[in-house]
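Me: Please take a close look at the aromatic rings here, and at the charges that sit over them. I would like one connected account rather than a list.

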Amino acid sequence: MDTYAVVGNPVTHSKSPFIHARFAQQTGKIMHYIPLLAPLDGFRQTVLDFRKNGGKGMNITVPFKFEAYALATRLTDRARAAHAVNTFRFEAEEEILGDNTDGVGLVRDIEINLNFPLAGKQILLMGAGGAASGVILPLLQQQPCLLAIANRTPEKAVILQQQFASHGPIAAGSYQDFAGQRFDLVINATSASLHNELPPIPPDLFHGTALAYDMLYSSRLTPFLELARAEGVEHLADGAGMLVEQAAESFLLWHGIRPETRIVISQLRDELRRHAP
Ligand code: ATR
């Protein structure tokens, strides 16, 4: 049986095995998809061993997406732009194709599932780490009016601005730099919610915002979404839809079939509720 894995550290919390099992059921694919814990200094060996034992492909999660980028022998354009890889497909001649499906997952969730077209919109992206850099190009490709990047360490936002400046209208700065500006969509790509923290969002930032999106997912509202709700933002979304959409894109790369995502998103929500602390 073809075997796939999600590799990370930690990895036990990953919902990818749950999602891919639903996709396999739905499409009639017979496959195995397992969580694989790699030691922090043993990513490369874990990947090579998995492959030697017959593995066909992998998803890569924190903290290995940059190492995965370095290990791939061939990259898709979107992986090259992101400087990060979340999907491997093992190919003949020891080739490892590296792809990044995070950005397209976010865009599909926002545009298709949430019915929120990005063209002409003012977007604020909070954060300048791996999660943020992976979604900048796919967001710009939808032709927003502006993509502003705010980060606690503004220098990191400026580096991303310079990196992607040729792809569309992009601004960068501290959170305070964007105080008083109006954004249709605010996306939280920081890891603050992981620690139950909030980025230093200036008062009134959500004035005029129609959708607040947290790339993390949780069984309850994250502090960022709590704040957005309190400030009157009508539409709130967490990253559960993005997670399923990026998985569907990996599934497509491996099997040539795009699974139905809506049903799996609601199954994932039920699963998260069942395991809520
Ligand atoms: P990831 O791969 O999840 O993006 P990362 O590369 O470590 O992880 O980046 C974490 C991001 O979250 C950074 O933008 C970080 O801001 P700094 O660059 O200033 O460190 C941001 N972040 C984490 N905790 C935060 C907090 N409490 N408030 C604001 N930003 C935070």
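Reply: A charge sits over a ring if NZ of Lys or CZ of Arg is within 6 Å of the ring centre and within 35 degrees of the ring normal. Lys 121 lies in this way over the face of Phe 116, at 4.8 Å from the ring centre, and Arg 22 is placed over the face of Phe 18, 4.0 Å from the centre of that ring. This is a predicted model, in which local features need pLDDT of at least 70 and side-chain atom pairs count only at pLDDT 80 or more, while totals for chains, interfaces and linings use all residues. Residues are numbered from 1 along each chain as its sequence is written, and side-chain values use heavy atoms, with hydrogens and water left out.

Turning to rings against rings, there are nine aromatic pairs (centres within 6.5 Å; stacked under 30 degrees between planes, edge-to-face over 60, tilted for the rest). Phe 88 and Phe 90 make a tilted pair, with 6.1 Å from centre to centre and 40° between the planes. Phe 88 is buried (under 20% relative accessible area, with a 1.4 Å probe and protein chains only) at 0%, and Phe 90, at 12%, is buried as well. Both belong to one aromatic cluster that also holds Phe 43, Phe 50 and Phe 64.

The rings of Phe 206 and Phe 224 have centres 5.8 Å apart and planes at 55°, so this pair is tilted. It links distant parts of the chain, 18 residues apart, with Phe 206 in the loop between β10 and β11 and Phe 224 in helix α8, residues 223-230 (a DSSP run of H or I, at least four residues; strands are E, at least two). Phe 206 is buried at 4% relative accessible area, and Phe 224 is buried at 0%.

Terms used
Rings of Phe, Tyr and Trp (its six-membered ring) pair if their centres lie within 6.5 Å; planes under 30 degrees apart count as stacked, over 60 as edge-to-face and the rest as tilted. Buried means under 20% relative accessible area, exposed over 50%, partly exposed in between (1.4 Å probe, protein chains only).
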